[in-house]
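Trainee: I have a protein model open and I'm not sure how to read it. Could you walk me through it?

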Amino acid sequence: MAASMERLRSAQLTRRPPSGGARAAFSLAWLCCCCWGARGSEAVWKSLDDDLLLPYPPSRHGPQHHRYVRDCQLLRHGNTTHESWPGDNSSVGPLTATRAFVSYFPPEGQNRKAVYGHFTVARDPLRTFSVLEPGGQGGCRSRTRATVEETARLGKCLVAQNGGYFDMDTGECFGNVVSNGRLVQTSRGLQNAQFGIRQDGTLVFGYLSEEEVLAKENPFVQLVSGVVWLLRDGEVYVNQSRELECSKTQTTGTFDIFINTMSARTAVGHDKEGRLVLVHVDGQTDGRGLNLWEMANFLKEHGVINAINLDGGGSATLVLNGTLANYPSDHCQPDPMWRCPRQISTIVCIREPLCHPPDCGGHGRCVLGKCQCSGAYWSGAACDVLDCGPSNCTRHGTCTEMGCLCDAGWTGPNCSTAASCLLKAGQNSELIFTQKTWMGITSILVVLLLLSAIGNATLLFCRSAGRQNHSKYAYQPLEEMNGESTHTYSAAAWKNTGDAAEERDSDQTETVELV
């Protein structure tokens, strides 16, 4: 940032009066900018990432050896490289409270400076605190960068701050990351200050080996890496962290500059009650803000027991209820007159208490950390217990989402009533149909029997009528043409009669012709 200011001053000092052509070009450019600005919504405002505060050179991040940490720490800490503290689990009072402050450093004297920031205290950190990947789950793997506002909106955070460090060029997340019980990545042995919450609610601050990070017994459900352990057991631990974390970079002066530079800062810690503490200090590198010595003493004065330093400089961001609440130090593009929040990596988030499991087993919804079960029969803290009443379907049924499913031969709300109609089934003479079932089956059979009888009667009647019609047609006696008599003939007589009829017809025909 200092180099950028020097270049800006040099450009101002060496500026020459513009020529006529330059004035015309400037006017045209100004007109284009005005027309572009009039469209407004098409402008994309992003951070210039110009307020850098890097603890290590770009090529590496933190020391490698865990044993080095043990060897260099004070003897009174022995072989322990981290501190544990039972987390608060009460629900008394507000879930979280954020207060703005303006403090003077040092408190008295002509050289004191005013520092503006926020101090957040959250209860029940096991259920209210989360480490979130940038832009949602998978952000570290895809090396996504997102503003705190964007990630906080996805995580429904009440309070959100920037979290761990990251590579400004590639977006790679640095250090250990565990988010809501899911291991995102490990630091592969890099020793920087860590903050995590174990499954039983224990708060952990300090240095962790990879074996401790991957432990299956009482595992971490949240974990994030910072740089510099500010407070250890109520005492300032900056100088010890300088020895433990800087490794070979100490000779370059980079780590000392990082500690002593005045800039925007963020930290996470806890008080004696086990409540989580998030602190954000506004600033500008080499212009305003706090160095890490001042930050550690400020936290100690306000009752913080253990705390680590998180990413700062232009990354320092605070979001309250989805709204940016601090003054970013990065300049904006396309107009550096303004300040824009930086797209960063992980964030730390305070939100409504989480349920375990978060989806309440698929049988309810989470409200303020408690599962409200759906349906009349799901119960339990995780909505994973089926309860169908005091007798719970007795021994003659099974409790289901719809109530008691009774065994054969039993009925009633609790499957405690034996059916009255019995059919022997096997050796136990169990009931297989109830009285109502038998009555229904009998009624159906009666109806089918009646329909069958009606059908059979109709069929017989139709066949009888058909036979009568066929008899009249086959045996209808022939009448003589003159209509005088009707006779029944044998086969021989039928032939003679036919011949005589033909002769008569012939005579009649001839007679007609003669007339």
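Mentor: Let's go through the overall make-up, two groups of strands, a helix, a pocket and one loop residue.

Mentor: First, this is a predicted model, where local features need pLDDT of at least 70, side-chain atom pairs count only at pLDDT 80 or more, and totals for chains, interfaces and linings use all residues. Residues are numbered from 1 along each chain as its sequence is written, and side-chain values use heavy atoms, with hydrogens and water left out.

Trainee: How many helices and strands are there in the protein?

Mentor: Helices (H or I, at least four residues) and strands (E, at least two) are DSSP runs, numbered from the N terminus. This protein has 11 helices and 28 strands.

Trainee: And what does "buried" mean here?

Mentor: Buried means under 20% relative accessible area, exposed means over 50%, and partly exposed is in between, using a 1.4 Å probe and protein chains only. Of the 515 residues here, 39% count as buried.

Trainee: How do I read a sheet, then? In what order do the 5 strands of the open sheet come?

Mentor: Two strands pair if DSSP finds at least two bridges between them. In this open sheet the order is β5-β20-β6-β17-β18, with antiparallel pairing. At the edges stand β5 (129-132) and β18 (323-324), each with a single partner strand, so one side of each has no neighbour in the sheet. Take β17 (residues 318-320): 2 bridges pair this strand with β18 in the antiparallel sense, and L320 stands opposite T323 in β18.

Trainee: Which helix lies across those strands?

Mentor: That's α5 (residues 148-155), which lies across β5, β6, β17, β18 and β20 and runs at about 145° to β6. Such angles run from 0 to 180 degrees between N-to-C directions, with axes fitted as lines to C-alpha atoms, for helices over the stretch in contact.

Trainee: Where do side chains point in a strand?

Mentor: In a regular strand the side chains alternate between the two faces of the sheet. Look at β9: Q194, G196 and R198 point one way, F195 and I197 point the other way, and all are buried. With 5 of its 5 residues buried, β9 (residues 194-198) is largely enclosed by the rest of the structure.

Trainee: Which strands does β9 pair with?

Mentor: One is β10 (residues 202-206), antiparallel to β9 over 4 bridges, with F195 opposite F205. These two strands form a hairpin with 3 residues between them, and G201 in the turn has a positive phi of about 95°. Another is β11 (residues 220-225), joined antiparallel to β9 by 5 bridges; there, G196 stands opposite L223.

Trainee: How do people find empty space?

Mentor: Rolling a probe the size of a water molecule over the atoms shows where empty space is left. On a 1 Å grid over the protein atoms alone, a pocket is an open set of points where a 1.4 Å probe fits, with protein on both sides within 12 Å along at least five of seven lines; lining residues have an atom within 4 Å of a point. Grid points are joined across faces, edges and corners, and a volume is the space filled by probe spheres set on the points. The largest pocket holds about 520 Å³ of space. Of its 19 lining residues, the closest to the centre are R351, P353, L354, C355 and P358. Both α5 and β11 supply at least two residues each to that lining.

Trainee: Is Y377 buried or exposed?

Mentor: Y377 counts as partly exposed, at 26% relative accessibility. You'll find Y377 in the loop between β22 (370-373) and β23 (378-379).

Note on methods:
Contact means heavy atoms within 4.5 Å.
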